[in-house]
There are 2 protein chains.
Amino acid sequence: MQALKERIQREGTILGNGILKVDGFINHQVDPELMDECGAEFARRFANVGATRILTAEISGIAPALMTARHMGLPVVYARKSKPITMPDQVYLTIAPSHTKGRMVELIVSPEYLGSGEKVLVIDDFLATGATILGLVRLAHAAGAELVGIGTLIEKTFEGGRDVLRPLEVPIESLVRITALDAGHIEFAAD
Amino acid sequence: MQALKERIQREGTILGNGILKVDGFINHQVDPELMDECGAEFARRFANVGATRILTAEISGIAPALMTARHMGLPVVYARKSKPITMPDQVYLTIAPSHTKGRMVELIVSPEYLGSGEKVLVIDDFLATGATILGLVRLAHAAGAELVGIGTLIEKTFEGGRDVLRPLEVPIESLVRITALDAGHIEFAAD
């Protein structure tokens, strides 16, 4: 998606170790108009997968998932990383490594909002190793729900996440694909 | 706001200790259409305060703040509760008690996205004791920014937050005000 790509070119910062900082418009400060455009684009790409619910992980997945949900007219569930007191004792829980936190985090969803028969579209900010997204997929499967698609704002193709997710046999859509982050230069995949 | 009030009447659950569970449409699963309506309403109520930036706290503040930001055409910054590796070493940090976590949490904002001269509108999901919102206000003041308004989806008037915030001398708007949560019954303020 051209608007997101240009914004990354203009404001994205490479921090080393394959970390792309997009805190100015996605991860700490959010540009609502850009997120809304991204949501509209996901809604267009996943118009025919029959999704009944969108699933994401707190925190950075919430903005793109919410805007996608708005355009698709669907509820969005965000997996929590710690169990709030409002959640029932019996939950779906898995663990996944966090890229930016450098440790394992829990991903928790209440059975109240994810059940069998649901068709789940997973939306997140980054597709890197695919570990967080696989965690969300495990939660969906634990609930007896069906995965129907995976959408991410930014894919770092050099981290191999797409290969990890391919066996799931669902459409995987990334709005921008980055093939290398080297020496202060961001290299984009040709679209 | 009638739509939010009706949703709380229909789906809100009282958990005791003054906790109102709204996980089905705000805090775990989010109804994007309802959040969008709430955002439009905040935009209407704060149309004339001259806000240049919206500030909220992760996690539950993100959805209403993002939708408000969309309707006002402003960027939104969410204070982080742990410092990601993408954040600079020098940050604004304060601590505030978390109602639903039962402990103190950090609230952290990068100086990159909150500076002097900004006019900050704080948006959050709940106004209870006002402690989280006061924490956000401290961050804004530390950055040299000016607070111009406070908006929350749901105010629990019996926890006294409005009295705590009144000395700030800015407009405080809650879309729904709850005066009591007793014996399984939710009592709303007359509007």
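Which residue in β5(B) is the bridge partner of Q29(A)? It's V77(B), and the first close-up below starts from that pair. A quick reminder before the views: this is a predicted model.

**View 1. Strand β3 of chain A pairs with strand β5 of chain B.** The two strands run antiparallel and are joined by two bridges. Q29(A) has V77(B) as its bridge partner, while V30(A) stands opposite V76(B). On the chain B side, the strand covers residues 76-79.

**View 2. A seven-stranded sheet takes in strands from both chains.** Reading across, the order is β3(A)-β5(B)-β4(B)-β8(B)-β9(B)-β10(B)-β11(B). The sheet is open, and its pairing is mixed. Its edges are β3 of chain A and β11 (185-188) of chain B, each of which pairs on one side only. Look for helix α3(B) packing on this sheet, where it touches β8 (119-127), β9 (146-156) and β10 (172-182) of chain B. The direction of α3(B) makes about 120 degrees with that of β10(B).

**View 3. Chain A meets chain B.** Here 33 residues of chain A are in contact with 33 residues of chain B. On the chain A side, the elements giving two or more residues are β2 (19-21), α2 (23-27), β3 (29-30), α3 (32-45), α4 (62-72) and β5 (76-79). Helix α4(A) gives the largest share, with five residues. As for chemistry, the chain A side splits into 16 nonpolar, eight polar and nine charged residues.

**View 4. Chain A on its own.** Zooming out a little, chain A has six helices and eleven strands. Its radius of gyration is 16 Å, close to the 16 Å that the globule rule gives for 191 residues, so chain A is as compact as a globular protein of that length. Along the principal axes, the C-alpha atoms fill a box of roughly 45 × 35 × 30 Å. Of the 191 residues, 50% count as buried. Among contacts in chain A with a separation of 6 or more, 62% come from residues 24 or more positions apart.

**View 5. Strand β4 of chain A is mostly covered.** This strand spans residues 53-57, and five of its five residues are buried. R53(A), L55(A) and A57(A) point one way, I54(A) and T56(A) point the other, and all are buried. The strand β4(A) pairs with β8(A) (residues 119-127) in the parallel sense over three bridges, with L55(A) opposite V122(A). It also runs parallel to β5(A), joined by four bridges; in that pairing I54(A) stands opposite V76(A).

**View 6. Two helices of chain B cross.** Helix α1(B) (residues 2-11) packs against helix α3(B) (residues 32-45) at an angle of about 140 degrees, with the axes 9 Å apart. Angles over 145 degrees would count as roughly antiparallel; α1(B) and α3(B) are therefore oblique to each other. From α1(B), the contact uses A3(B), L4(B) and R7(B), and from α3(B) it uses L34(B), E37(B) and C38(B). Sorted by type, the contact residues are four nonpolar, no polar and two charged.

**View 7. A hairpin in chain B.** Strands β1(B) (residues 13-16) and β2(B) (residues 19-21) run antiparallel, with three bridges between them. T13(B) has K21(B) as its bridge partner in β2(B). Two residues lie between the strands, and N17(B) takes a positive phi near 55 degrees.

**View 8. Backbone oddities in both chains.** Most residues other than glycine have a negative phi, and most peptide bonds are trans. Here's where to look for exceptions. In chain A, the peptide bond from E58(A) to I59(A) is cis, with omega near 10 degrees, and I59(A) sits in the loop between β4 and α4. Chain B has a cis bond joining E58(B) and I59(B), with omega about 10 degrees; I59(B) lies in the loop between β4 (53-57) and α4 (62-72).

The positive phi cases include E169(A), at about 55 degrees, in the loop between α6 (161-165) and β10 (172-182) of chain A. E169(A) is exposed, with 8 other C-beta atoms within 10 Å. For E169(B), phi is near 55 degrees, and this residue lies in the loop between α6 (161-165) and β10 of chain B. With 8 C-beta neighbours inside 10 Å, E169(B) counts as exposed.

Note on methods:
Residues numbered from 1 in each chain as written. Chains lettered and ligands numbered in written order. Predicted model: local features only at pLDDT ≥ 70, side-chain atom pairs only at ≥ 80, totals over all residues. Pairing = 2+ DSSP bridges. Axes fitted to C-alpha atoms, helices over the stretch in contact; angles between N-to-C directions. Parallel < 35°, antiparallel > 145°, perpendicular 65-115°, else oblique. Contact = placed C-beta atoms within 7 Å. Nonpolar A, V, L, I, M, F, W, Y, C, P; charged D, E, K, R; others polar. Rg over C-alpha atoms; globule rule 2.2 N^0.38 Å. Buried ≥ 20, exposed ≤ 12 C-beta atoms within 10 Å, placed from the backbone.
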